[in-house]
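Please open the model in your viewer and keep the selection tool at hand. We will go from stop to stop, selecting a few residues each time.

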Amino acid sequence: MTKKAAPKPAAGSPSVMLHHRTRAQLMAAAVSSVSLWIHVLWKFPRKVPGKKRQYTILNWEIDLGDGQLLTDAGFEDLLDSSRRFIWSLYKDRRNGKNLMPESFYTAFLGLKRLLPWMIENNYASFDELTVESADEFVADLIEEAAEAEADLLHDRALNKDDFIRALRVWVHLHQQGPALIVAGINIFTEMPFNGRSTYDLATELAEDTALRIPPLPDEVAMPILAAAIRIVSFASADVIRLQEAVFDTRAKIDEQGRSNHTRIIRERALFAKFEFSILPGEATPWHSPIDEGITVKRVDGPPVVDLKPANTFRNMVATVRDACVAVIQGLVGVRINEVCSFEGGLNEDTGLPTCVEKDRSVDGLEDLYYVRGILTKGRAAPEPARWLLGSRPVSGELARLETLPLPVIALATLERLYRPWRELGQVNELIVNFTTASRGVPVTAAAIGSPSSETLLAGLKNFVLNHVDLTKLPDNNWRGENLSMYRDSFGAIIRTHQWRKTFAHYALLTRSNLLQAVSQHFKHLSLAMTEQGYLIDDPFLRGMLGEAAIEASVDFFYHASFGEPLAGKLGDVIEEHREELIELRDGKPREAAKRQIRKFVTLHDMRIFHMSEGRCGIRINPLGARCHQLAGTSSWANREPNYATREPSVCLGCKCFGIDRDTAPFWQDRWERNSKIYRDAEKRGQAAEYRVAARRAEQAEKVIKRLTAIQN
């Protein structure tokens, strides 16, 4: 029996109020110039220059779970209501302008999450939904997200956009109630979620579930970074050299007016004769000749042997990109969407990418490198921001180009790698995306697009699969972290956000007093976000940070009660309160006295910040903090130093600062190091350029003498 084809839409524009028509009237109704109401696929032509996809497509074969589809018999009413709802957003929206196909597609994605939930919870139609149902939906969504975050083997974690789409469909339903009642669809009349903004609620849910993402174990992070650094530091030069040759060949072909076929032949010849370098410490070239079949492992399928040189070249470009991104995320801790926001271009004055800025440290001895991008998380609107990449001495042997911080080298590599592609596509992002299918390399501007988080995540997974061996990992490490899931998946479960937590854990395990600095570096609005979001799954680290800070403060005040010498203006403040401290511990055993002092510290929030160079009592005198005075951020509400301006020379003149005998090693090292820098500069006849080092050495010498005096 021949299946009868669905009728083709008549020419002309579709009618507006289709959602008010009867089902019989809709049998031949057109929703676009190419699709009918009854078609499984609704196709809406798009006229967007440079985009590959020509249609916005809604596929009504929505998976409802248990092998059921929305188009199956038994779901006719729900399918009809869903189509009427989406169409009403297109032609009869009751709150704001009608949505274009590209916009109501996001509502369709929200519907694809809602409908399976309805079936699972025995809701047969929109009429049965209530605001209480919406609350149930949120609870189940939280549970789903929590399971996805806790189990890295889950296919995909939910991000804020997923939450927004899932929640907003409920709001759309509520708002479209008056438009749908004509068709006999009764929608709840109260605002769901108690009237809360879906954006705010989605942000809250996304932040809550993000807390469950673990950092990468050292046994996973270190080999990935080692492989990435190898590519960035050495192999990338070959790829860029080959790429320059490709574009030179194309330029000559264009000048000669030759055909595309000629371009392909010449590029193949170029690929075949290209010789790859032998990297330092290795015996053979790091890459086999391109004219040989290259085996490429893919996360989304079995390994393939690719015989086309252009495909191999494309994979090499992607490999360099993925290595650079791994270095940037692993050593800086920025989010993947922030990496996507970096702008391309070369600063002719500095020789660095335009997104990289260089500042001089307060003491004048270090160059500080920052990357400029766009910050969106936790902000009402996107705002410019910058993150510290690293530093290096202003002069001397370590100031050579090769010693630029690795993240700076990675950004410079990306700038060179994608420079010709940016010019081809007329785009300004640092990283660009090849929008052609996974074959060949772009030859037109239409094949160049913007980077996406999804593309870079897939790239990270493919990089690990092809360049990192995790197969020898044991089931667990000494901390009890599960390594088997990384080993058995060949790294396919890794998520880009794990780099951020890995960076935080490394910094905080290296120096536990860096919590405030990490929070500021991450642009978190509160320390609580850093503590909860980055330490919640590591009781050891959480306990270490919290208890170490409190216990150090208790010890500080306990010893101060006995007159422990403390130089600096903080010492004068403590001396004024010494009688009160004596009362707290007088006549009590040591531990009992410390318990009393602990109550004093926690009750009055008198935590002292212990740093290598001294003790900061900003919580005793917030307005006296010199670092905030210099930054113009003085306030009684300040609870920690301003890490953008705080440095030892600034602290020495601060009312909140004190030094004790435990800080002597720092000042001794500071004196020796700066004295040597200045003496070496004198020998070279450059003493005038190093006056800052002389001042630092002089300061350190005075501190050492003061410490010697108070100890005697």
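The tour below visits a sheet, then aromatic rings, then charges over rings.

This is a predicted model, in which local features need pLDDT of at least 70 and side-chain atom pairs count only at pLDDT 80 or more, while totals for chains, interfaces and linings use all residues. Residues are numbered from 1 along each chain as its sequence is written, and side-chain values use heavy atoms, with hydrogens and water left out.

Select 609-611, which is strand 14, and then 614-616, which is strand 15; strands are DSSP runs of E with at least two residues, and helices are runs of H or I with at least four, numbered from the N terminus. Three bridges join these two antiparallel strands, and two strands pair if DSSP finds at least two bridges between them. One of the bridge partners to look for is C616, which faces F609 in this pairing. Now add strand 16 (657-658), and you have an open, antiparallel sheet in the order 14-15-16. Strands 14 and 16 each have a single partner strand, so one side of each is left without a neighbour in the sheet.

Next, select F137 and W170, a tilted aromatic pair with 5.5 Å between centres and 50 degrees between planes. Rings of Phe, Tyr and Trp (its six-membered ring) pair if their centres lie within 6.5 Å, and planes under 30 degrees apart count as stacked, over 60 as edge-to-face and the rest as tilted. F137 lies in helix 4 and W170 in helix 5, so the pair ties together parts that are 33 residues apart in sequence.

Finally, select Y90 and K91, where K91 lies over the face of the Y90 ring, 4.4 Å from its centre; the rule asks for NZ of Lys or CZ of Arg within 6 Å of the ring centre and within 35 degrees of the ring normal.
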